[in-house]
Amino acid sequence: MAVSGEVSSLRGDNDGEVATKQDNRQEQNGLSPPPTNLFTSSPRTVTGFQQLDLSRYGVDDHRHQLIEPIKRVPSNIVGMINYLTYGDWLKIFKGKDQKTRSYKRKNPNDSFRLSLAEMQRMRLRNLQGKLVTHAAQLQFEGAEPKEWEFDLQQYIKALQDYDYMVTCSQKPEDPFLVTGERLVDDHLLTEALEQFKDQLQKRTPIPVPGPWDEKSRSVGGTRNENVAKAWAKGFHSRVAMAALGGFLLVGPMWLMVLHNTLYTCLVTTTVFVTVFGLLMARWLDKPMDVMSATAAYAAVLVVFVGLGTDDKSS
């Protein structure tokens, strides 16, 4: 029994020495020994950890992209068609004209654009910096910061909000862009940035085709305006798809009829099927849908090839 007690004592002394050596090794490597109760109801508080201010990373990375100068350029054909079509259908959906306050542009061809989405990206970077600090405290100090759960929740919520911003960017008007293309936005930006105008004008402006709004409208547009714009956008998409579909069918047919040779038919079929497959890969999401659509289109062109070769042989 005495021998057993001596062995236990020696073993305990050896374990203590090993633990002391491990703690000393961790301290030499800049690490603190882990606490016994890290995530208990009474967590350790941060004592010696130097609080880091990482918010400057977000500010420095994104502040130069918040506000950009823009310049009106002549309208292209597509923009003019969109504007005219939208204006005609707006009269049908809108009904009576609404009385709005009128503003006059100080500079009809130059203005500014503010990205609220860029501010959200700055917020994400700042929250990320806080979480990095919390993680460093957890790993190297072995302490549980008081606000790490709250900051993590805010980071997740900010990511969800940013996903919503990305969805809104697909709308006819992005509500997270304060842009001088809209009359009231131009008035707000011009008044707020008057003292910084010289600094902003040194930067190369972003060309934005007109026409720009000349009437005051609410943020995000009214319901009737949004319905009119959505209809006009859908109408243009349907017209474009009809024209493209007709060209992809009628174009190769004319080529194979006017130049009725086997080589022409094979080259035409190969080129048009390849182009059609790339377009389907661009617009469709599922690979099976892309393969099915491309195979169906190839089958149609193969019929033309068969008819051409039969006519030539007869």
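Is Leu-258 buried or exposed, and at what relative accessibility? In this predicted model, Leu-258 counts as exposed because its relative accessibility is 58%, where exposed means over 50% relative accessible area, buried under 20%, and partly exposed in between, with a 1.4 Å probe and protein chains only. The model being predicted, local features need pLDDT of at least 70 and side-chain atom pairs count only at pLDDT 80 or more, whereas totals for chains, interfaces and linings use all residues. Residues are numbered from 1 along each chain as its sequence is written, and side-chain values use heavy atoms, with hydrogens and water left out.

The protein has 10 helices and four strands, these elements being DSSP runs numbered from the N terminus (helices H or I, at least four residues; strands E, at least two). Along the sequence, the elements are arranged in the pattern α-α-β-α-β-α-α-β-α-α-β-α-α-α. Of the 314 residues in the protein, 28% are buried. The exposed area is about 21600 Å², of which carbon and sulfur atoms supply 60%; accessible areas come from the Shrake-Rupley method with a 1.4 Å probe, and for residues only the protein chains shown count as cover. When contacts (heavy atoms within 4.5 Å) are taken between residues at least 6 apart in sequence, 80% of them join residues at least 24 apart.

Leu-258 is located in helix α8, which spans residues 223-258 and gives the most to a nonpolar surface patch, with five residues. The patch is formed by Leu-249, Val-250, Trp-254, Val-257, Leu-258 and Val-300, which together have about 570 Å² of accessible area. Patches are made of residues with over 30% relative accessible area and no salt bridge, like charges being joined within 9 Å and nonpolar side chains (Val, Leu, Ile, Met, Phe, Trp, Tyr) within 5 Å. According to an unreviewed UniProt entry, the annotation "transmembrane region" covers residues 239-255, 261-281 and 288-308; UniProt positions are given in the numbering used here, feature names are shortened, and annotations may be inferred rather than shown by experiment. Over residues 239-255 the chain is 100% helix and 0% strand, with the end C-alpha atoms 24 Å apart, while over residues 261-281 the chain is 95% helix and 0% strand, with a separation of 30 Å between the end C-alpha atoms.

Helix α4 (residues 116-141) contains Met-122, and Glu-118 is found in helix α4 as well. Met-122 counts as buried at 14% relative accessibility, and Glu-118 counts as buried at 8%. Apart from its neighbours within four places in sequence, Glu-118 is in contact with His-62, Gln-65 and Leu-66. His-62 is also paired in space with Met-122, the C-alpha atoms being 6.0 Å apart although 60 residues separate the two in sequence.

Side chains of opposite charge can pair when their charged atoms come close. The structure holds nine salt bridges, a salt bridge being a side-chain nitrogen of Lys or Arg within 4 Å of a carboxyl oxygen of Asp or Glu. One of them joins the side chains of Lys-71 and Asp-110 at 3.4 Å, N to O. This pair links distant parts of the chain, with Lys-71 in strand β1 (residues 67-73) and Asp-110 in strand β2, 39 residues apart. Lys-71 is partly exposed, with a relative accessible area of 35%, and Asp-110 is partly exposed at 28%. A salt bridge also connects Glu-181 and Arg-113, whose closest N and O atoms are 2.6 Å apart. Here too distant parts of the chain are linked, Glu-181 lying in the loop between β3 and α6 and Arg-113 in strand β2, 68 residues apart. Glu-181 is partly exposed, with a relative accessible area of 23%.

Within helix α4, the side chains of Glu-118 and Arg-121 meet in a salt bridge at 2.4 Å, N to O. Because Glu-118 and Arg-121 are three residues apart in helix α4, about one helical turn separates them. Arg-121 is partly exposed, with a relative accessible area of 26%. Elsewhere, salt bridges that share partners join Glu-173, Arg-182 and Asp-185 into one network.

In helix α6 (residues 183-192), the buried residues are Leu-183, Asp-185, Asp-186, Leu-189 and Thr-190. Viewed down the axis of α6, these buried residues fall within an arc of 155°, so they line one face of the helix, the arc being that of the directions from the helix axis to the C-beta atoms. The cover over the buried residues of α6 includes β2 (110-115) and β3 (177-179).
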